[in-house]
Structure formats: structure tokens, C-alpha cells
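Student: I would like to go through this model with you. May I begin with the backbone and then move on to the sheet and the rings?

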Amino acid sequence: MVYDKTGLMAVTRVLCVEAEWDRLAIVAVVQPKCFVLSEPINSTQRRFYGTKDQPSRSLLVDQHASVVRALTAAGVRVVDIEPTENLPFQFFLRDAAMVIGSGLILGRMARAVRMSEPSVFATALSARSVIDVEVGQLEGGDIAVTPDEVFVGLGERTDDRGYASLRDLLNGTRRVTPIRLAPDVLHLDVAANLLGPGVGVLHRPSIVGDLPESLREVDWIEITDDEFAEQAANMLVLEPGVVMLDARHERLHNALTVRGFRCIVVQLDEITKVGGGVRCMTLPLVRTSTPKHLLSDLESVREETN
């Protein structure tokens, strides 16, 4: 669904993400119509650059469209942001911003080719109020939100100054806890991903040192090196107990099914060549349980966009 200007403005009234595993109600995406790989900016892209398997724009567009259809079929409202020329990686929208609680925080990108993505997104969304990170580097792929704590991956794309900026911006409303990533690990969400309050997927070699104490009792499903190379951790929770993942990862599908999850599989073998998966492609704007005082506003969004 493509929202008109009125619909987009209505969406920004009810931004709310309290936890990664709450029901996904509204999500933003950008189609990869402007993708071009003229210069690789991560290790995955370097692996495919200049080979016969280099990512194809037409295949990316097709797989992206399939993901959007699957989201829509699952009852998620999709905000389709118009792609912008000269922003080849804009379709990995997750990195450009993050919703924490009811606040929209713009990322501060680490690579020059992506620098303008956050401001372009804020303009397209007609957001009335955004929060800027003024120093350091901070990308949404390094952020995991829980009701009491925000985890921040520190590595290739988010640095200590960006982490400190986010901690100061949240001003004690949630604990902000760093997780140090191994060299060449692009973001936290390709290394570890919380799928529920007590379960997640993890590529342990991608984490430096011990996990934070609050994550040590999580039932982690371990990801192999081969699965990590295919961005296997980059799953998307659609609602408690329902997760979207790459169709290639049958072992993980089975491990999740044993734990009571329902899995929605999508083809991502082309998307992952660019260095991300279905989580990277999507930016949640509203996850429910939405606080009760916002439910009436959410209903008005539905009415304005029907």
C-alpha cells in the first residue's frame, strides 16, 4: 500500500515500537529501483562484486516485491517510500532511522554514499518531529529494542560516540547497553536478533566477549558460519510467535518451529548479496501492543488511509 501525503502524516502521529517482538502494524520500505553496485561498501558486496553472481537490480526488485506481498498478506500496512536517485542502498531502510518508544530517531550514517538517507526518509514521511543524533555514527541495523533496554551493536557502522549520543537522547527512559561486534560484522542484526523476550538467533563468533547479563539466559539458536554468510540472523518478527525468514534456512525454520514459532518464508538469495535481509529492508513504525492512549489515533490512521 502506498500512502498519500495525508496518510503519511497520520502515520507519524502514532509511531510506537516498545519491543522487537510486538505485532508489526505499520512498516516503511523503499523499493531497490535505484540500486547500483559501483563500489562495494561491505564485505558481502566485495565477495560478489565483479563476479557473475553480482546482485541484479531486476532480481532485487522482484524479491523485494515478494516480501511486500507477504507482509501485506500477513496484515501489515506497508508505507512505500519513493526511492531516490543516487542512493543505491536506500532500500536497506532499517539503517536510516529507528523508532524507540514513540520517538523517531534519525541515524547518522557511516558511509558517505548513505549520508543523506535519514533526512530523505524524514522528508518523505512528513515527520513532524524527529530526533537527530549530532555526533558519532549510529545506524538502525545496530539497534534492538526491548521494553526496558536498548541494545546497541558497536562495530563497523555504529561507534562509541553514536552509542553515547543515543544513551543521552533516551535520558534514562531505557537502559542503553552496548554489544561489541567482531571486525567486519556489518550490524548487530546480522549477528544477533531477539525474536521474543526469551528467544533469539545468534552467531556467537560475531560477538566480542560475553553477552550483556540480561541476554545470558536467552534461548539462543546458534547460527553456523555458512548461515551467517547468508545473513540468516536477519529475520523479521511479525507478531509474537510469527517470524519471516529466508527460505534457504530450513534448519533454522525447524528449530523455530520446535519452539512454537510459525515461520513465513521468502526468497532472499539476491537481497542478501547486498549485505542484509528482510529486517534490513524494513523499518517498523508501529508495533502493538500499542499503549491504550494511542489506539484511537491508530484507528484514525486506518480510516484516513482506506
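Student: In which loop does D184 lie?

Tutor: This is a predicted model. In it, D184 is found in the loop between strand 8 and strand 9 (192–196). Its phi is positive, at about 70°, although D184 is not a glycine.

Student: Is D184 buried or exposed?

Tutor: D184 counts as exposed, because its relative accessibility is 53% and the cut-off for exposed is over 50%.

Student: And N171, what is notable about its phi?

Tutor: N171 is not a glycine either, yet it has a positive phi of about 50°. It is placed in the loop between helix 5 (160–170) and strand 8 (175–180). With a relative accessibility of 65%, N171 counts as exposed.

Student: Let us turn to the sheet. What is the order of the strands in the open sheet of three?

Tutor: The order is 12-13-14, and the pairing is mixed. Strand 12 (236–239) and strand 14 (262–266) are at the edges; each has a single partner strand, so one side of each is left without a neighbour in the sheet. From one strand to the next, the twist averages 30°.

Student: In which sense do strand 13 and strand 14 pair?

Tutor: Strand 13 (residues 242–246) pairs with strand 14 in the parallel sense, over five bridges. Within this pairing, M244 stands opposite I264 in strand 14.

Student: Which helix packs on that sheet?

Tutor: Helix 3 (residues 57–73) does, touching strand 12, strand 13 and strand 14. The direction of helix 3 makes about 170° with that of strand 13.

Student: Now the rings. How many aromatic pairs are there?

Tutor: The count comes to three. In one of them, the ring centres of F35 and F89 are 6.2 Å apart and the planes are at 65°, so the pair is edge-to-face. This pair links distant parts of the chain, 54 residues apart: F35 is in the loop between strand 1 (23–30) and helix 2 (43–48), and F89 is in the loop between strand 2 (77–81) and strand 3 (97–100). Both residues are buried.

Student: What about F91 and F92, how is that pair arranged?

Tutor: F91 and F92 form a tilted pair, with 4.5 Å centre to centre and 45° between the planes. F91 counts as buried at 1% relative accessibility, and F92 counts as buried at 4%. Together, F35, F89, F91 and F92 form one aromatic cluster.

Student: Finally, which residue lies over the face of F48?

Tutor: That is K273, at 5.7 Å from the ring centre of F48.

Technical notes:
Residues are numbered from 1 along each chain as its sequence is written. This is a predicted model: local features need pLDDT of at least 70, side-chain atom pairs count only at pLDDT 80 or more; totals for chains, interfaces and linings use all residues. Side-chain values use heavy atoms; hydrogens and water are left out. Helices (H or I, at least four residues) and strands (E, at least two) are DSSP runs, numbered from the N terminus. Buried means under 20% relative accessible area, exposed over 50%, partly exposed in between (1.4 Å probe, protein chains only). Two strands pair if DSSP finds at least two bridges between them. Axes are lines fitted to C-alpha atoms, for helices over the stretch in contact, and angles run from 0 to 180 degrees between N-to-C directions. Contact means heavy atoms within 4.5 Å. Rings of Phe, Tyr and Trp (its six-membered ring) pair if their centres lie within 6.5 Å; planes under 30 degrees apart count as stacked, over 60 as edge-to-face and the rest as tilted. A charge sits over a ring if NZ of Lys or CZ of Arg is within 6 Å of the ring centre and within 35 degrees of the ring normal.
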